[in-house]
Amino acid sequence: QVQLVESGGGLVQAGGSLRLHCEATGSIHSFTYVSWYRQAPGNQRELVAGISPAGATEYSDSVKGRFAISRDNAKNTVSLQMNSLKLEDTAAYYCQAFVRSNVGGPLREYWGLGTQVTVSS
């Protein structure tokens with residue numbers, strides 16, 4: 001089975017930075033499209049950033065210019081660098097990825113369990 005594990009969350013003051021990581025483990029042939037989502041209590045889950053297999057990136061307007069997504073294909077890892085953090089960035093952050101376990105096999109969607117980011121004043 002494939003698992004996604006997020007790390008790097010924590011408590012940080014407004015204006016500070018955090019770097020989140022999403023690592024895929026298990027039977028992995030191709031670690032393809034990867035996205036970060038976030039959800040705060042009472043809010044909808046929203047797309048924060050995404051990265052294609054070729055490294056093309058997209059960002060939500062609310063984080064554009066402050067966050068940067070990147071990938072290390074050798075380690076099956078995607079990172080999210082978060083700078084100039086604001087109170088409204090407080091949320092549980094989730095990694096979503098499409099993974100192919102075998103050559104010629106299906107592309108399947110996986111979700112991590114999330115990591116909490118809390119920004120204080």
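In this predicted model, a disulfide links C22 to C95, with a distance of 2.0 Å from S to S. A search of the whole structure turns up 1 disulfide, and with -75 degrees about the S-S bond, the link of C22 and C95 is left-handed. C22 belongs to strand β3 (residues 18–25) and C95 to strand β9 (residues 91–100), so the bond ties together parts that are 73 residues apart in sequence. How accessible are the two partners? C22 has 0% relative accessibility and therefore counts as buried. C95, too, is at 0% relative accessibility, so C95 counts as buried.

Next comes the nonpolar interior. The largest nonpolar core has 29 residues, and W36, L80, M82 and Y93 are those with the most contacts inside it. At least two residues of this core come from each of β3, β4 (30–39), β5 (46–51), β7 (67–72), β8 (77–82), β9 and β11 (115–120). Of these, β9 gives the most, with 5 residues. Strand β9, home of C95, is thus also the top supplier of the core.

Strand β11 offers a pleasant pattern to follow by eye. Its side chains alternate: T115, V117 and V119 point to one face and are buried, whereas Q116, T118 and S120 point to the other face and are not buried. Which strands does β11 pair with? Strand β2 (residues 10–13) runs parallel to β11, and the two pair over 4 bridges. Here V12 stands opposite V119 of β11. Strand β9 runs antiparallel to β11, and 3 bridges join them. Y93 has T115 in β11 as its bridge partner. Y93 is also among the residues with the most contacts inside the largest nonpolar core, and T115 is one of the buried residues of β11.

Aromatic rings make a further link. The structure holds 1 aromatic pair. The ring centres of Y37 and W111 are 5.1 Å apart and the ring planes are at 50 degrees, so the pair is tilted. Because Y37 lies in strand β4 and W111 in strand β10 (residues 107–111), the pair ties together parts that are 74 residues apart in sequence. Are the two residues buried or partly exposed? Y37 is buried, with a relative accessible area of 18%, while W111 is partly exposed, with a relative accessible area of 34%.

W111 has another neighbour to look for. R45 lies over the face of W111, at 5.0 Å from the ring centre. R45 also lies over the face of Y94, at 4.2 Å from that ring centre.

Terms used. Residues numbered from 1 in each chain as written. Predicted model: local features only at pLDDT ≥ 70, side-chain atom pairs only at ≥ 80, totals over all residues. Heavy atoms only, no water. Disulfide = S-S within 2.5 Å. Buried < 20%, exposed > 50% of the residue type's maximum accessible area, 1.4 Å probe, protein only. Core = buried A, V, L, I, M, F, W, Y, C linked by side-chain atoms within 4.5 Å. Pairing = 2+ DSSP bridges. Phe/Tyr/Trp six-rings, centres within 6.5 Å; stacked < 30°, edge-to-face > 60°. Lys NZ or Arg CZ within 6 Å of the ring centre and 35° of its normal.
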